[in-house]
Amino acid sequence: MSSLFSLEGRVALVTGGSRGIGRMIAEGLLSQGARVYISARKAEAAEATATELSELGHCVALPADVSTLDGIEELLSAFREYEDRLDILVNNAGAAWAEPFDEFPESGWDKVMNLNVKAPFFLTQQAKDLLLTARERNGHLAKVINIGSIDGLSLNPLETYSYHASKAGITHLTKRMAAELAPQGIVVSAIAPGAFASNMNKAARDEATEVAARIPSGRIGSPEDMAAAAVYLASSAGDYVVGSTLTVDGGANITR
């Protein structure tokens, strides 16, 4: 069983990997032996996190803005300077926007949809050759893990219109991508996190006790919870999980 969850010899790229859920996932992949590259828009933050995570294994920062096609091209160009294959792609970079219905701006749609929906599609599209190379060379399936949210499965009380729509979209996009890529040896799946402490989820970070009271498990998610889910899907243990979204929320979604 231990070999099922091993990532020894595999190469991973995690967008939005400098903090929050992305960092939790990067740390988990490193702990299982993967060589990990993290991307974030802010170079200083990415470099600082990579330095810290390098204590666990090979971790390199590749600063980039994946919300644009030019940014995606720059990221993959930088990645190709280090590696000629990609075993695991984690599409985690994301944004949120909350504003009342009557005032919600177009920019609040463009920013969120570009990063949360378009970026996972086009980054996977442009990295397909790297994923196929990993599949052909190593004999195991390549993996793409999209990070959604339980807000794509049910409503929270905030007026985050574009965020709700984007995370519902990534759940369905994961299915469509999986149907196309699975026959080629690339497995696409997704994770829908609940309350994990991060800059995006300030309530879980700053009001953990109050948030935990609304969760059946009685607590917010830990870094280990997120790391375990990602390792499961990224490793051979998750080879038969195709197009599915794994909800990791302590039961919050079923009681909303």
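This report describes strand pairing, salt bridges and a charged surface patch in a predicted model.

**Strand β4 and its neighbours**

Strand β4 covers residues 88-91, with I88 and V90 pointing one way and L89 and N91 pointing the other way, and all of these residues are buried. On one pairing, strand β1 (residues 11-15) runs parallel to β4 and is joined to β4 by three bridges, with V90 in β4 serving as the bridge partner of V14. On another pairing, β4 is joined by four bridges to strand β5 (residues 142-147), again in a parallel arrangement, and here N146 in β5 is the bridge partner of N91.

**Salt bridges**

Side chains of opposite charge can pair when their charged atoms come close. A search of the whole structure finds nine salt bridges, and the table below lists some of them.

| Salt bridge | Closest N to O distance |
|---|---|
| R137 and D84 | 2.9 Å |
| D239 and K143 | 2.9 Å |
| D225 and R219 | 2.7 Å |

R137 forms a salt bridge with D84. Because R137 lies in helix α5 (residues 128-138) while D84 lies in the loop between α3 and β4, this pair ties together parts that are 53 residues apart in sequence. R137 has a relative accessibility of 47% and therefore counts as partly exposed, and D84, at 44%, likewise counts as partly exposed.

D239 forms a salt bridge with K143, and this pair links distant parts of the chain, with D239 in the loop between α9 (223-234) and β7 (245-248) and K143 in strand β5, 96 residues apart. K143 has a relative accessible area of 1% and is therefore buried, whereas D239, with a relative accessible area of 25%, is partly exposed. K143 thus belongs to β5, the strand that pairs in parallel with β4.

The side chains of D225 and R219 also meet in a salt bridge. D225 counts as partly exposed because its relative accessibility is 24%, and R219 is partly exposed with a relative accessible area of 42%.

**A patch of negative charge**

On the surface, D65, D70, E73 and E74 gather in a patch of negative charge. One of these residues, E74, is found in helix α3, which spans residues 69-80. The relative accessibility of E74 is 54%, and because a residue counts as exposed when this value is over 50%, E74 is classed as exposed.

Definitions and conventions. Residues numbered from 1 in each chain as written. Predicted model: local features only at pLDDT ≥ 70, side-chain atom pairs only at ≥ 80, totals over all residues. Heavy atoms only, no water. Patch = residues over 30% accessible without salt bridge, like charges linked within 9 Å, V, L, I, M, F, W, Y side chains within 5 Å. Areas by Shrake-Rupley, 256 points an atom, 1.4 Å probe, with all protein chains shown as cover. Salt bridge = Lys/Arg side-chain N within 4 Å of Asp/Glu carboxyl O. Lys, Arg positive; Asp, Glu negative; His and termini not counted. Charge placed at Lys NZ, Arg CZ, Asp CG, Glu CD. Helix = DSSP H or I, 4+ residues; strand = E, 2+ residues; numbered from the N terminus. Buried < 20%, exposed > 50% of the residue type's maximum accessible area, 1.4 Å probe, protein only. Pairing = 2+ DSSP bridges.
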